[in-house]
Amino acid sequence: MPAADTVLTGARVRTLDPARPEARAVAVLGGEILAVGDEADVRDWRGPGTTVLDLGGATLTPGLTDAHSHPVWGIEMATGTDLSAVRDLDQLRSALRTAPRLGGWVLGHGLDHNAFGGRPVDKALVEEALAGAPAFLRLYDGHSALASGAALAAAGITGPRTFDQRSEIVCGPDGRPTGHLVEHAAMALVGALAPKPSAAERRALLTALLAEMAATGLTGAHVMDLGDGDVPALLAGVEYDGDLPLRLRLAPWCMPGATPEDLAELIGLQGLRGRHWQVGGVKFFMDGTVEGGTAWLEHADCHGRGTDAFWPDPEAYSQAVRTLDAAGVRTATHAIGDAAVRHVLDTVASLGARARMRHRIEHIETVPDGQLGRFAQLGVIASMQPPHTAYTRADHSDEWSKRLGADRAARAWRCRDLREAGAVLALGSDWPIAHHDARRVLATARSPLGAAAAGPALTGLMALEGMTSHAALAAGEQQVAGRIAPGFRADLTAFALDPVDAAPDELAGAPIRLTISGGRITHREEA
């Protein structure tokens, strides 16, 4: 056996490998795991150039993967003032008065719908604080924004418009825009005018962000976008200068109105790659968000909204999925409402047995009992983001719960129920919608917040599997990732405590001793 590049010892190794669930030491060579064994085996793996690292009693697990993130697009989304701590209109106005002007604009992100206290989202509530400046404020869900009067004027928006998707320029009874922009096409009218980081700034910001992610134990991420198509060039530029701290798997969007030529282009993008990134899969939207009134529901929400799919013709979505599936392309579909989830499941059912474990549903914020078992039956992966529960309240006084009503709000984020029903469950953060810290994802999965707090939580092992072995299944990489075994990728995370047995509140802030992605140390705790 050749000598290892690196040997990790002094650890409790949770391999997630059924053939050998636990070990004490791991050897790495050329980006792959060379051997897994006991302390006595270490001397057999060593050579003159081997680095031996004693982890001092840490718990070593397969490398954590964020199964739903937007690290590149998120840099633009998170530009400007962080409004996530704003709880009411007074705080919002105060934050806007002192917000820095970027190219004359006020930009903000992470604004909670609940901060409006039940009032409609309207520019009139904040215009005085802006003193005439154009403003573009993204709400936390990433599917809606508030634009000031000056920003609307700059975009030439004076009334409603028609879009191919369920987007809306919200207008008042007088027909004038309120500034509330719902869904991507409407938001882009103003967002395209707002200042953005330069190419050099994006590269620096991305490198720093990925390093921060690695410090929380992340070794990879499933990136649910390809930006405006320039992301491959950006990633290639980063790799020209050095290495990506995380392994990235990117899924470009397929939007309503996609033509056969568009689908062929998406198929052609598959496999485009660099050293530590690749395009793999396609992202769809079957609906929007509950708070924005665009989640596709079996029955209307309390405002009479939510009975339409994101694709005006849902069958066109199904046909696009069939075309991609026939080409061997994996898909991920944003589906929050119960009708959206049902339609995606029905679509996968129409594909037959060959489609098992090739398609996934993102978010799944409310789902009835009758749909739970279909995930395992059809081999559809559930991809969920436990930190989203923080935007709801246990007493159902939040906008998400009020829109859905008591019965549907009681079915919030059913992670444990899906696992009990036999589903593969991949977990992520959806950064920048929620913080990227992988430890918070694990902790919140085991101790859900808000409307989900009354439901059953995941066990520590289930949560860990959601960011390791099940995340690998979600990407079709279960033969090379998600466990610690010879021949698998050397993606490894060392926790100062055991992430399975530790209390959730301890886990949320637990030190990460070491992160290794592709055999490279991407984070090491300072002595």
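Buried means under 20% relative accessible area. S69 has a relative accessible area of 0%, so S69 is buried. The model behind this value is predicted.

## S69 and its surroundings

S69 belongs to strand β6, residues 64–69. Beyond its neighbours within four places in sequence, S69 is in contact with M213, A221, H222, V223, M224 and D225. S429, D430 and W431 are also in contact with S69.

Two of these contacts turn up again below. D430 lies with D141, H143, H334 and H363 nearest the centre of the largest cavity. W431 starts a cis peptide bond that leads to P432.

## The nonpolar cores

The largest nonpolar core holds 88 residues. Which of them touch the most other members? They are L248, F284, M286, I361, I364 and F375. Helix α11, residues 338–349, gives this core its largest share, six residues.

I364 shows what such a position looks like. Leaving out residues up to four places away in sequence, I364 touches A335, I336, V341, F375, A382, S383, M384, W413 and L418. F375 is thus a contact of I364, and F375 also stands among the core residues that touch the most other members.

A second core is separate and has 21 residues. Among them are L89, A95, A133 and A135.

## Aromatic pairs

A pair of aromatic rings is described by the distance of the centres and the angle of the planes. The whole structure contains eight aromatic pairs. Two of them share F285, as the table shows.

| Pair | Centre distance | Plane angle | Geometry |
|---|---|---|---|
| W253 and F285 | 4.8 Å | 85° | edge-to-face |
| F285 and F310 | 5.6 Å | 45° | tilted |

Where do the partners of the W253 and F285 pair lie? W253 is in the loop between β14 (247–250) and α9 (260–269). F285 is in strand β16, residues 282–285. The two parts are 32 residues apart in sequence, so the pair ties them together.

The F285 and F310 pair also links distant parts of the chain. F310 sits in the loop between β16 and α10 (314–326), 25 residues from F285.

Are these rings buried or exposed? F285 has a relative accessible area of 2% and is buried. F310 is buried as well, at 1% relative accessibility. W253 reaches 24% and counts as partly exposed. W73, W253, F285 and F310 form one aromatic cluster.

One ring has a charge over it. The charged end of R342 sits over the ring of W296, 5.9 Å from the ring centre.

## Cavities

Rolling a probe the size of a water molecule over the atoms shows where empty space is left. How many cavities of 30 Å³ or more are there? The count is four.

The largest cavity has about 200 Å³ of space. Its lining consists of 21 residues. Nearest its centre lie D141, H143, H334, H363 and D430. Helix α2 (73–77) and strand β16 each supply at least two residues of this lining. Strand β16 is also where F285 of the aromatic cluster lies.

## Backbone exceptions

Most residues other than glycine have a negative phi, and most peptide bonds are trans. A few places here depart from that pattern.

The bond from W431 to P432 is cis, with omega near 10°. P432 lies in the loop between β20 (425–427) and α16 (438–446).

L16 has a positive phi, near 60°. L16 is in the loop between β1 (6–14) and β2 (22–23). L16 has 17% relative accessible area and is buried.

E183 also has a positive phi, about 75°, although it is not a glycine. The place of E183 is the loop between β12 (177–182) and α6 (184–191). At 0% relative accessibility, E183 counts as buried.

## A451

A451 is found in the loop between α16 and α17 (460–466). At 6% relative accessibility, A451 counts as buried. What does A451 touch, apart from residues up to four places away in sequence? The list is T392, R393, A394, H396, W400, S401, A409 and A412.

A451 and V190 are 261 residues apart in sequence. In space, A451 and V190 are 33 Å apart, C-alpha to C-alpha.

Methods
Residues are numbered from 1 along each chain as its sequence is written. This is a predicted model: local features need pLDDT of at least 70, side-chain atom pairs count only at pLDDT 80 or more; totals for chains, interfaces and linings use all residues. Side-chain values use heavy atoms; hydrogens and water are left out. A nonpolar core is a set of buried Ala, Val, Leu, Ile, Met, Phe, Trp, Tyr and Cys residues joined through side-chain atoms within 4.5 Å. Buried means under 20% relative accessible area, exposed over 50%, partly exposed in between (1.4 Å probe, protein chains only). Helices (H or I, at least four residues) and strands (E, at least two) are DSSP runs, numbered from the N terminus. Contact means heavy atoms within 4.5 Å. Rings of Phe, Tyr and Trp (its six-membered ring) pair if their centres lie within 6.5 Å; planes under 30 degrees apart count as stacked, over 60 as edge-to-face and the rest as tilted. A charge sits over a ring if NZ of Lys or CZ of Arg is within 6 Å of the ring centre and within 35 degrees of the ring normal. On a 1 Å grid over the protein atoms alone, a cavity is a set of points where a 1.4 Å probe fits but cannot get out, and a pocket is an open set with protein on both sides within 12 Å along at least five of seven lines; lining residues have an atom within 4 Å of a point. Grid points are joined across faces, edges and corners, and a volume is the space filled by probe spheres set on the points.
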